[in-house]
Amino acid sequence: MAKKTAYRQVDRVIDYKEVFGSSAGKSVLYDMMRAGNVLQSSFDKNPQEMAFNEGQRNMVLRILTILKTDPLELRKFIQEREEQE
């Protein structure tokens, strides 16, 4: 079960890179970064509004983190861990 989940994670990284690697995907990602308060402060005097802003920001940061992941390195890491078990 864990093996299946790990390989799905690799597939997800590949999918993210394909989607956000295109010209349209890069444009959408930049728009998400602007709207998601990645390029400016997410501070708001209203704590509920600030929590909402932080939620948007965290989603975009998650995408950026996934895009920096090398799927081949991730697959290699998973295979090495499986061999150790």
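How are α1 and α2 oriented to each other? In this predicted model, the matter can be settled from the geometry of the pair. Two packed helices are described by the angle between their axes and by the distance between those axes. For α1 and α2 the angle is about 90 degrees, and the axes lie 5 Å apart. Angles of 65 to 115 degrees count as roughly perpendicular, and α1 and α2 are therefore roughly perpendicular to each other.

The residues that form this contact can be named on both sides. From α1 come V19, F20 and G21, while α2 contributes S23, G25, K26, L29 and M32. Sorted by class, the contact comprises four nonpolar, three polar and one charged residues.

Two of these residues, F20 and L29, lead on to the interior of the model. Both are listed among the residues with the most contacts inside the largest nonpolar core, together with Y16, I63, L74 and I78. This core has 13 residues in total. At least two of its residues are supplied by each of α1 (2–21), α2, α3 and α4 (71–84). The greatest contribution is that of α1, which gives six residues.

One of the core residues, L74, may be followed further. Apart from neighbours within four places in sequence, L74 is in contact with Q9, V10, V13 and T69.

A final point of interest is found in the loop between α2 (23–35) and α3 (47–67), where N37 is located. The phi angle of N37 is near 65 degrees, a positive value in a residue other than glycine. With a relative accessible area of 10%, N37 is buried, because buried means under 20%.

Key: Residues numbered from 1 in each chain as written. Predicted model: local features only at pLDDT ≥ 70, side-chain atom pairs only at ≥ 80, totals over all residues. Heavy atoms only, no water. Helix = DSSP H or I, 4+ residues; strand = E, 2+ residues; numbered from the N terminus. Buried < 20%, exposed > 50% of the residue type's maximum accessible area, 1.4 Å probe, protein only. Core = buried A, V, L, I, M, F, W, Y, C linked by side-chain atoms within 4.5 Å. Contact = heavy atoms within 4.5 Å. Axes fitted to C-alpha atoms, helices over the stretch in contact; angles between N-to-C directions. Parallel < 35°, antiparallel > 145°, perpendicular 65-115°, else oblique. Nonpolar A, V, L, I, M, F, W, Y, C, P; charged D, E, K, R; others polar.
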